[in-house]
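Reader: Please give me a close look at the charged pairs in this model, and follow the trail from them to whatever else they lead to. I would like to know, for each pair, how well covered the partners are.

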Amino acid sequence: MQGSSKISDSQPDQATPEIKIDGVEIRLIRLPLIEPFETSFGKIDSRLIFLVSLEADGLRGWGEVVASEEPRYSYETVGTALHVLRDFLGPALLQGTISSLDDLANRLTPVRGHNMAKAGLELAFMHLLAQIRGVSLSTLIGGERQRVPVGVSLGIQPKISRLLERVERYLSLGYQRIKLKIKPGWDLDVVSEVRRKYPNILLSVDANSAYRLKDQEHLKHLDDFNLLMVEQPLENDDLIDHAKLQKVMKTSLCLDESITNLRQAKLALELGSCRIINIKIGRVGGYSAALGIHDLCASQNVPVWCGGMLESGIGRAHNLALASLRGFTLPGDISASSRYFERDIISPEVTVAADGTVAVPTGVGLGFDIDLDFINHLTETREQISRMKS
Ligand code: OSB
Ligand code: MG
């Protein structure tokens with residue numbers, strides 16, 4: 001199938017060896033944000049980054065659990081992920097061996113939900129697998145792009161003049177699409193003003209579930225601004241009301257929070273709940289679901305793009321690999337490291353070229369070096385889950 005992702009294991013000599021995981025390590029590090037990030041559900045000024053790594057055969061694979069400290073975007077938090085990883089998911093990987101991504105995903109399936117915690121392990125596993133095969137993550141999953149188009153997500157600002165300054169700044173840095181966070185009281189006037197100043201840019205909005213179907217007359221005014229999409233206007237787990245709203249709006253709706261797995265994606269497309277899907281590896285539970293949703297959307301010509309969760313460089317590197325798949329036709333929320341952090345935990349940092357693209361690394365594994373000294377310096381919590389001695 002055209003546009004389909006493929007984990008390259010077709011040649012017999014490339015068959016995955018049975019991987020014996022020797023240990024799971026969890027670390028929490030705090031990275032201050034260069035400026036606060038505000039959405040319809042609150043404001044943060046630093047990111048408690050949850051890193052998870054798997055050790056096997058003297059190699060270490062790194063992943064990131066994108067949960068926030070508070071259960072706003074989703075019910076998961078750093079605290080719930082710590083509990084579920086330590087007590088259930090981690091130990092599940094420390095029995096026997098693992099032969100493939102599917103095998104890993106099946107191991108995690110008995111635990112309901114907790115997609116971000118699961119995804120952290122899938123990321124770490126895929127980083128391990130890429131190193132074992134001696135390929136980049138992008139190559140491992142069948143990525144085809146050498147560079148991916150990117151946009152920026154701009155939080156709610158205290159004043160519209162500050163927002164306009166930021167729009168100007170990121171456009172001048174080359175970002176191909178501007179996404180404005182909106183909420184009741186920070187929506188039509190703001191979008192109208194940005195559109196008036198920049199009649200031709202790719203512009204979208206993200207409400208993070210701040211509206212209800214009864215607000216549809218209000219939301220329909222967004223049709224006046226030639227937006228690329230309206231992201232997740234209604235409830236975080238809704239598909240039906242979004243389908244009703246999509247019927248009366250010209251602008252394409254895009255779902256983020258509501259698409260938590262492949263079945264929800266199928267339902268959304270069947271119901272007509274959206275015309276675009278934002279894929280976040282963390283929200284859907286890992287690479288296996290992300291690849292499945294990508295393939296489904298590609299088969300129906302539904303554009304997808306890679307969402308972001310203010311990840312550190314490790315999560316960002318995985319996002320880049322994902323976004324290199326053919327179906328990721330719209331700019332992703334994959335900004336430069338410097339958009340959020342003074343200093344990243346990978347080197348070189350992620351940078352955005354003047355044409356608004358980021359290069360997909362070609363080196364083995366993440367394609368970035370992990371700055372372990374800096375990670376050690378930042379580490380607030382570190383736990384090791386090891387195999388029981390038999
Ligand atoms: O809804 O896409 C979202 C950040 C945290 C939680 C939810 C979202 C976001 C973003 C930022 O929009 C995307 C990024 O640049 O990482
Ligand atoms: Mg969103």
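Author: A residue is called buried with under 20% relative accessible area, exposed with over 50%, and partly exposed in between, using a 1.4 Å probe and counting protein chains only. The model is predicted, so local features are given only at pLDDT of at least 70 and side-chain atom pairs only at 80 or more, whereas totals for chains, interfaces and linings use all residues. Residues are numbered from 1 along each chain as its sequence is written, chains are lettered from A and ligands numbered from 1 in the order written, and side-chain values use heavy atoms without hydrogens or water.

In general, side chains of opposite charge can pair when their charged atoms come close. The structure holds 24 salt bridges, each being a side-chain nitrogen of Lys or Arg within 4 Å of a carboxyl oxygen of Asp or Glu. One of them joins Glu70 to Arg72, with 3.2 Å between the closest N and O atoms. Here the acidic partner, Glu70, is partly exposed at 45% relative accessibility, while Arg72, at 51%, counts as exposed.

Another pair sits within a single helix (a DSSP run of H or I with at least four residues, where a strand is a run of E with at least two). Glu217 and Lys220 both belong to helix α7, residues 216–220, and are three residues apart, about one turn of the helix. Their side chains meet in a salt bridge of 3.4 Å, N to O, and Lys220 is partly exposed with a relative accessibility of 28%. An α-helix has 3.6 residues a turn, so residues three or four places apart point the same way.

The pair formed by Asp256 and Arg283 has an N to O distance of 2.6 Å between its side chains. Because Asp256 lies in the loop between β9 and α9 and Arg283 in helix α10 (residues 281–284), this salt bridge ties together parts that are 27 residues apart in sequence. Both partners are covered: Asp256 is buried at 0% relative accessible area, and Arg283 is buried at 6%.

The loop that holds Asp256 runs between β9 (253–255) and α9 (262–271), and it also contains Glu257. Glu257 is likewise buried, with a relative accessible area of 6%. Its C-alpha lies 8.8 Å from that of Asp238, although the two residues are 19 positions apart in sequence.

Beyond the single pairs, Arg177, Lys179, Lys181, Asp206, Glu231 and Asp333 are linked in a network of salt bridges. Asp206 leads on to ligand 1, since an N or O atom of the Asp206 side chain is 3.0 Å from an oxygen atom of the ligand, a polar contact in the sense of two N or O atoms within 3.5 Å (within protein, one must be able to donate a hydrogen and the other to accept it, and sequence neighbours count only through side-chain atoms). The protein backbone takes part as well: an N or O atom of the Met309 backbone lies 3.3 Å from a ligand oxygen, and a polar backbone atom of Leu310 is 2.9 Å from an oxygen of ligand 1.
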